[in-house]
Structure formats: structure tokens, C-alpha cells
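I opened a new notebook page for this protein and wrote down what I looked up, one topic at a time.

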Amino acid sequence: MSELKIAKPPIERVARTPVVFENQDSGLKLAGIVYRPRTMKEGEKLPAVVVGGPMLSAKELVQSLYAQLLADHGYVTMVYDNSYIGSS
């Protein structure tokens with residue numbers, strides 16, 4: 001029987017930047033976290049992915065793990081809180 005491998009966030013290889021966007025019409029705020037590889041150079045372009053979770057989940061839950069793992073593989077990723085959830 002094979003062992004179950006548990007994915008661990010690659011914190012030491014991924015940079016984390018909190019972001020907030022405000023809707024100019026409604027004033028609602030969308031809070032998120034952008035993850036990128038620490039090896040990314042200024043001005044470098046990388047593929048990007050927005051990682052969403054279940055409708056009522058906060059950005060710090062499982063979608064952040066997926067976003068960090070993708071960032072560790074060369075993607076810029078963003079997770080966010082839906083309106084009225086978490087920091088949004």
C-alpha cells in the first residue's frame with residue numbers, strides 16, 4: 001500500500017502580497033492575496049491564474065494552498081474573498 005502524500009505550502013519559495021481593489025461605482029472592496037515565485041524578476045511576465053474556492057469560503061482556506069503550489073511552479077496567482085466574506 002502506498003503512503004498518502006500531503007501537500008505543504010512552499011512558503012520559502014513563494015512571495016505573498018495582500019491586495020485590495022475598490023469598485024468605483026459601489027465602493028465595495030475585494031480583498032485578495034497575490035502569490036508569485038520568489039525567483040520572479042522585476043518586469044518579468046509569467047502566466048497568471050485566479051484561484052477561486054467555494055462560494056462562502058475565505059481566501060485563506062484551501063484555495064491559497066493551490067495558489068501557492070501553482071506559484072511554486074512558475075505562475076502568478078491570486079485568491080480573493082467574495083463580497084461580504086472575510087476581508088471583502
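**Entry 1: the whole chain**

I began with the surface, and I found that the protein chain exposes about 6,500 Å², of which carbon and sulfur atoms supply 58%. I note here that I am working from a predicted model. Next I looked up burial, and buried residues make up 25% of the 88 residues in the protein chain. For the secondary structure I wrote down one helix and four strands, and when I read along the sequence I found the pattern β-β-β-α-β. I also checked the contacts between residues at least 6 apart in sequence, and 62% of these join residues at least 24 apart.

**Entry 2: the sheet**

In which order do the four strands lie in the sheet? I found the order 1-2-4-3 in an open sheet with mixed pairing. The edge strands are strand 1 (14-22) and strand 3 (48-50), each of which pairs on one side only. From one strand to the next, the twist averages 20°.

I then followed helix 1, which packs on the sheet and touches strand 1, strand 2, strand 3 and strand 4 (76-80). The direction of helix 1 makes about 35° with that of strand 2.

**Entry 3: strand 2 and its partners**

I took the pairings of strand 2 (residues 29-37) one by one, beginning with strand 1, to which strand 2 is joined by nine bridges in an antiparallel run. The hairpin of strand 1 and strand 2 has six residues between the strands, and in this hairpin Gly27 takes a positive phi near 80°. With strand 4, strand 2 also pairs in the antiparallel sense, here over four bridges.

Which residues stand across from Val34 of strand 2? Thr17 stands opposite Val34, and in strand 4 the bridge partner of Val34 is Met78. I marked Val34 in my drawing as a residue to follow when tracing these pairings.

**Entry 4: the salt bridges**

How many salt bridges does the structure hold? I counted two, and I looked up each in turn. In one of them the side chains of Glu12 and Arg13 meet, at 2.9 Å from N to O. In the other, the side chains of Arg13 and Asp72 meet, at 2.8 Å from N to O. This pair links distant parts of the chain, since Arg13 is in the segment before strand 1 and Asp72 is in helix 1, 59 residues apart. Taken together, Glu12, Arg13 and Asp72 are linked in a network of salt bridges.

I also asked how far each member of the network is open to the surface. Glu12 is exposed because its relative accessible area is 55%, which is over the 50% cut-off. Arg13 has 42% relative accessibility and so counts as partly exposed, and Asp72, at 26% relative accessibility, therefore counts as partly exposed too.

**Entry 5: a nonpolar patch**

Which residues make the nonpolar surface patch of about 300 Å²? I found Leu61, Val62 and Tyr66. I looked more carefully at Tyr66, whose place is in helix 1 (residues 62-72). Is Tyr66 buried, partly exposed or exposed? Tyr66 counts as partly exposed because its relative accessibility is 49%, and exposed would need over 50%.

Note on methods:
Residues numbered from 1 in each chain as written. Predicted model: local features only at pLDDT ≥ 70, side-chain atom pairs only at ≥ 80, totals over all residues. Heavy atoms only, no water. Patch = residues over 30% accessible without salt bridge, like charges linked within 9 Å, V, L, I, M, F, W, Y side chains within 5 Å. Areas by Shrake-Rupley, 256 points an atom, 1.4 Å probe, with all protein chains shown as cover. Salt bridge = Lys/Arg side-chain N within 4 Å of Asp/Glu carboxyl O. Helix = DSSP H or I, 4+ residues; strand = E, 2+ residues; numbered from the N terminus. Buried < 20%, exposed > 50% of the residue type's maximum accessible area, 1.4 Å probe, protein only. Pairing = 2+ DSSP bridges. Axes fitted to C-alpha atoms, helices over the stretch in contact; angles between N-to-C directions. Contact = heavy atoms within 4.5 Å.
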